[in-house]
Structure formats: C-alpha cells, structure tokens
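Here's a quick tour of one chain, meant to be read with the viewer open. We'll start with a loop, then work from the whole chain down to single residues.

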Amino acid sequence: MMKLFTGVTLLLTAMLLFFQAGSAQNLAGTDALGRTLLQHDSVGDARPDRKVAVFYFLWQDKAPRKYWDLSKIVSAHPEVLNDFDNPYWGGGGMYYWGEPIYGYYKADDYWVQLRSIQLLTDAGVDLLVIDATNTLTYPRQADVLMRAMDAVRTQGRKPPKIAFYTNTASGKTMQKAYNEFYKAGAPYRHPDCWFYLDGKPLIIGISKEAAGKDYASFFTFRESQWPNEPQKQNGWPWIEFTRPQKVYYNSRGEKEIVNVSVSQHPNVEAGMGGAAFYGNRDNWGRSYHNGSHGNPARDLPYGYNIQEQWDFAIKQQTPFIYVTGWNEWIAGKFSSHDGNPEHSWFCDQASPEYSRDIEPSLTAGLKDNYYMQLVNNIRRYKGLPPNPSLSAPVTIRNFGDWEKVTPAYHDYTGDTQPRHHAGTPVEPAVMYTNTTGRNDLALMKIARDDKDIYCYARTVSEITSPAGSNWMRLYLDTDRKAGTGWKGYDYRVTGGKILERYTGGRWKKTGTVRYRVRGREMMIILPRKAIGLSAGPVNFEFKWSDNMQDDNDPLDWYINGDAAPGGRFNYIAAGS
C-alpha cells in the first residue's frame, strides 16, 4: 500500500510539474556587450499569430585531415590563400569558418542537439527549417534532433517543430523526406515534431514536382525561393540579396513571410571567400549596415547587418519571419571563380565576418552575442506575457511550507547526462567528453518575509554531498543593474553557506548563511540586510549553478554542470 501511495504521489507530482512548466516564465539577461533583454513592459503582450522560423543544418560530419578551421588556418598560414594545394589546407573538403561553443561537433551528437533545442525554445523559435536543398535529408541526424525535441516537449515546453527545405531534385527529395519521416511506418517518424500550416505538415520545395506523387495531398507546400529568382507566390526565402528585403505573399494575396540573415553574398561568383580573403566588396558581412561595410574589427560582435533587417521585418507585421541561420558552420573548398587557379572559393561561409551562424561561437569574440540578439528581436516581434508576481510574503520554517509558494521557476532536466561523442575532425581524431553534470536542477522558488529572503531548489535526484565552492551555487543580481557586480551579479552563495559580494573587482566573503538539504530539496536563507534588500517589495534576479568549471566565464553555463536558467539567463523575482 505504501509503495502504491508513493507511486501515485510521484505521478501526480510529475503531472503538476508538467503543467506548471508549460506556463510562461520570462527570463532576464544581459549579453557581453551590455545589451539587456526586453521584458513585457517594452514589447507588449504575446502575439501567438506570429511565428519565427530558423534555418537549421544537419550536415556536420567530417572535417579535412589535420586542418579544418579557416580562422586558424588563414591566421597562421596566410600563404594558403594564394596556393590552392598548400599542405596547410589539410587535404581539402569542408571547412569550418570558426569554432562552435560545443566544439567541432557531429550533427548526431544528442548532447549538442538537446542544448540547441533548449536555447531555441527559450528564444521563442517555432520552426526549424532543415536544409535539404542539396538532396540530402540526413535521417539519422534528424532523428537525433527530433528526439531532443520530444524530450523537451515531455517537460511541458513548446520546442520548435520541423519542416524540410528542398530545391535540387525537389520532387525526389520531398519523396525521400516523406518516406523517411512522415508516412505511416516511416523509420524516423515523430508526428509531434511536424510543423503544421493550413492544417497539414509544411514542406518547402518546388510544388509542381509533387504532381502525381503519393505525398501530394499530405503536405502544405511553400515554394523554394532563391534570392536571384523572380518573386514567387507562396515563396519562402532563405536569404535576400536586396535592401530592404522583399515581403512574400501567399496564394490568398496575404503578406506571409520576410527573411532576415546574418550576412549575404549577392555576388555569388565571389562567394563569401572572395569577400573574406580576396578583397571583393560586393557582399555584406555581419558588420554591414546603412550601405556601408562598417568596421569589422570593431563592429563584428554587434550584428548590425541582421539588426537592420530585423527592424524592417518587424514593421511588416507578417505572420512569419525566417532567420538564416543557426548552425551551418561549414563550406566546401572549390576552385576559384575569379580566374586565378591558385585562389580558393568558399560560397556560404568563409570567416567570422562573412559567415551567418547565430549559434554561440568561441571565435573572434562572437560568444553568445548573436543568440541574445535573436532572443531580443523575437520578443520585439512576438511580445511576451506579463511577468508573474511572487505570492504573498511568508516565513519558511520547513520544506512543507514551500508547497503553496508561487511561481515555480522551471529548468530543463535530462541535460546533465555525460557527453562522449566523436567530433568531425579526422586527423587527429577528436572525442568530446564531458562528465561535469551532477545535480540536475528542476524547480526553483523564492519566498520572503520582512527579515529574510528564502531560496529553494529541487533536483531530479538526491542532491550530492557538498563538494567545493561550485556546489549548488546561487547568484543574485539584487539591483538589476548589468553594470554592477560580476556580470551583473552582486552577491553569490558558494558551498551552500558562504555569502560573497563582488566588490573591488573580486568576490569577497561577507559572512555565512543558513541552508538545509533534504533529499532532492535545498533551501538557502538570506538575511535581507546581508544582501542589501530592505523590508517590503522585492525586485531582483537570481540563478542557480552546480559544478561550474570556469568561474570567470558565463559561457561555462552553456557547457558544464547545470545552470538554472541556462546561459546568461536569470529568473526574475518581483512582488509587493
């Protein structure tokens, strides 16, 4: 009987967490450039009729032998640019323009795909458009991606869904996608991952090539729209070569979609490589804006090019904005199109400036700036629900007192599993291993009375014994000013009980605080006076972190241990 009661209790608790997790939680945060995320008071109410699509790539597989990162090759050996067969090219093939934050990963690395889905869910992305324009559909990699989507969905979240973008041999490629992913009995069928438009799963391609096929009535079709083609009815553009961008209409004559892209190559013959390495000035890099190429040495991290397009796109009030792109990363090395046989041609990616990935990068100071910019612009376009307020003040004496405290702040679970997966480099072979995941943070709460602030955390499994200062750490931004403290954080609690304040450029111990752990629950009790909060209303940001490896780098929160919320995000605790 006791076992039955326990099982039912756990089931009811899981159901409660599921439905709570589906409620909105507005995250705060500031990027490395000092740009603070907009909140409801700036962007207005949520507008569910607006959707964001992001171009998504699954082709990361193998890099050349010995050398594969263009930013490193060209920096160390600039002579390669005038020697097509130079040994420092590493044998040719597909090259990264820079290094992703998760390393040179393969697209079937679930550890990476899960993190991407979490980031894109938090950003408010609705649709991932998988690049199948060159006939490949990447079924094994797409299956890993959709398993990550399913995992996030089971937690009550709303992850992006998928559609395929076809072009070359479009009819055959759409047939392949239908056979692999959509039809009854398909080996990689994930129906909950399908994006629906006009009542059917969406696919993008050349619709006339679907005539007579068994999938012709299954999909809603949108047309593959290349930037150098005449504007099509129902066209969905993956990039634009005009400023401002074109607005595309559906068959009902309604405005439907506009594209924004990190950078563009209107001179396709020069490609991104011609602009990056050989002085071509026809293409537009990340720093391009106001008709000028800008100053990449200064402007690169800011995303001026795509911001100019966002500003235009949001004003159009279309139901869709299509963003290019998240994780393309690589481009093939081919013979130059400029008539010099010693030059190399890279079409879509070539350098930090002439690339178009938003996924965080370790190269050229890009960090997560473009991701945070994406979040802010999606908020401008789609709005946000109001921030939830803390429930009435209460004195917490035991763990049972937390049951009636609201709101519940949720973190993704299942992301502390180890990583052990081969990367794309062939020689030397790279194996990515990460075993820093420890306490999987699940649910957080904040309570207060006139004397104390109470901070609660619940994990998936029993909390480990205290081990080092990075164990179950709590960060507080008490003044909500990004320019004060360490990355905005004024106080932190380390090792469960050591209260520190950031002052004079370093963390200094100011005292100790009380904390309790029971199974998978933990609470920290912070005297208001100790953290500079007087009695009455509160308005601060907070973050939990376990097993951070680099105390000086917020990017560590994307990679190691667990952070709630992830990356540079914070929860907001506000109430009268």
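Where is P428 found? Look in the loop between β16 (419-422) and β17 (431-434). The peptide bond that joins E427 to P428 is cis, with omega at about 0°. Keep in mind that this is a predicted model.

**The chain as a whole**

- The chain has 10 helices and 28 strands.
- A compact globule of 576 residues would have a radius of gyration near 25 Å, and the chain agrees, because it has 25 Å.
- Along the principal axes, the C-alpha atoms fill a box of roughly 75 × 55 × 45 Å.
- Buried residues account for 57% of the 576 in the chain.
- If you take contacts between residues at least 6 apart in sequence, 69% of them join residues at least 24 apart.
- The accessible surface adds up to about 23000 Å², and 52% of that belongs to carbon and sulfur atoms.
- On the charge side, there are 66 positive and 62 negative side chains, and the centres of the two sets sit 6 Å apart.

**Helix α6, mostly out of sight**

- Helix α6 covers residues 170-182, and 10 of its 13 residues are buried, so the rest of the structure largely encloses it.
- The buried set in α6 includes S170, G171, T173, M174 and Q175.
- Further along α6, A177, Y178, E180, F181 and Y182 are buried too.
- Among the elements that cover those buried residues are the strands β3 (127-132), β4 (161-166), β6 (200-205) and β7 (220-225).
- Helix α5 (139-153) is also part of the cover over α6.

**Two buried glutamines**

- Q245 sits in the loop between β8 (235-237) and β9 (248-249).
- Buried or exposed? Q245 counts as buried, because its relative accessibility is 5% and the cut-off for buried is under 20%.
- What does the side chain of Q245 reach at 3.2 Å? That would be the backbone oxygen of Q309.
- A polar atom of the Q245 side chain also lies 2.8 Å from the backbone oxygen of N259.
- Setting aside residues up to four places away in sequence, Q245 touches E240, V258, N259, V260, Q309, F312 and A313.
- Q141 is in helix α5, and at 9% relative accessibility it counts as buried.
- With residues up to four places away left out, Q141 touches L58, A107 and D108.

**Two partly exposed loop residues**

- A216 belongs to the loop between β6 and β7 and counts as partly exposed, at 33% relative accessibility.
- Beyond its neighbours within four places in sequence, A216 is in contact with A210 and F221.
- How far is A216 from S261 in space? The two are 31 Å apart, C-alpha to C-alpha, with their positions 45 residues apart in sequence.
- D83 is in the loop between α3 (70-76) and β2 (94-96), and its relative accessible area of 28% makes it partly exposed.
- Outside its neighbours within four places, D83 is in contact with W89 and E342.
- D83 and G235 are 152 residues apart along the chain, and their C-alpha atoms are separated by 41 Å.

**Backbone oddities**

- Most residues other than glycine have a negative phi, and most peptide bonds are trans.
- Beyond the bond at P428, look at T324 and G325, which are joined by a cis peptide bond with omega at about -5°.
- G325 lies in the loop between β11 (320-324) and β12 (330-332).
- W329 is also in the loop between β11 and β12, and its phi is positive, near 70°.
- W329 is buried, with a relative accessible area of 0%.
- A364 has a positive phi as well, near 55°, and its place is in the loop between β14 (344-345) and α10 (369-382).
- A364 is partly exposed, with a relative accessible area of 42%.

Terms used. Residues numbered from 1 in each chain as written. Predicted model: local features only at pLDDT ≥ 70, side-chain atom pairs only at ≥ 80, totals over all residues. Heavy atoms only, no water. Helix = DSSP H or I, 4+ residues; strand = E, 2+ residues; numbered from the N terminus. Buried < 20%, exposed > 50% of the residue type's maximum accessible area, 1.4 Å probe, protein only. Polar contact = N/O pair within 3.5 Å; in protein donor to acceptor, adjacent residues only side chain to side chain. Contact = heavy atoms within 4.5 Å. Rg over C-alpha atoms; globule rule 2.2 N^0.38 Å. Areas by Shrake-Rupley, 256 points an atom, 1.4 Å probe, with all protein chains shown as cover. Lys, Arg positive; Asp, Glu negative; His and termini not counted. Charge placed at Lys NZ, Arg CZ, Asp CG, Glu CD.
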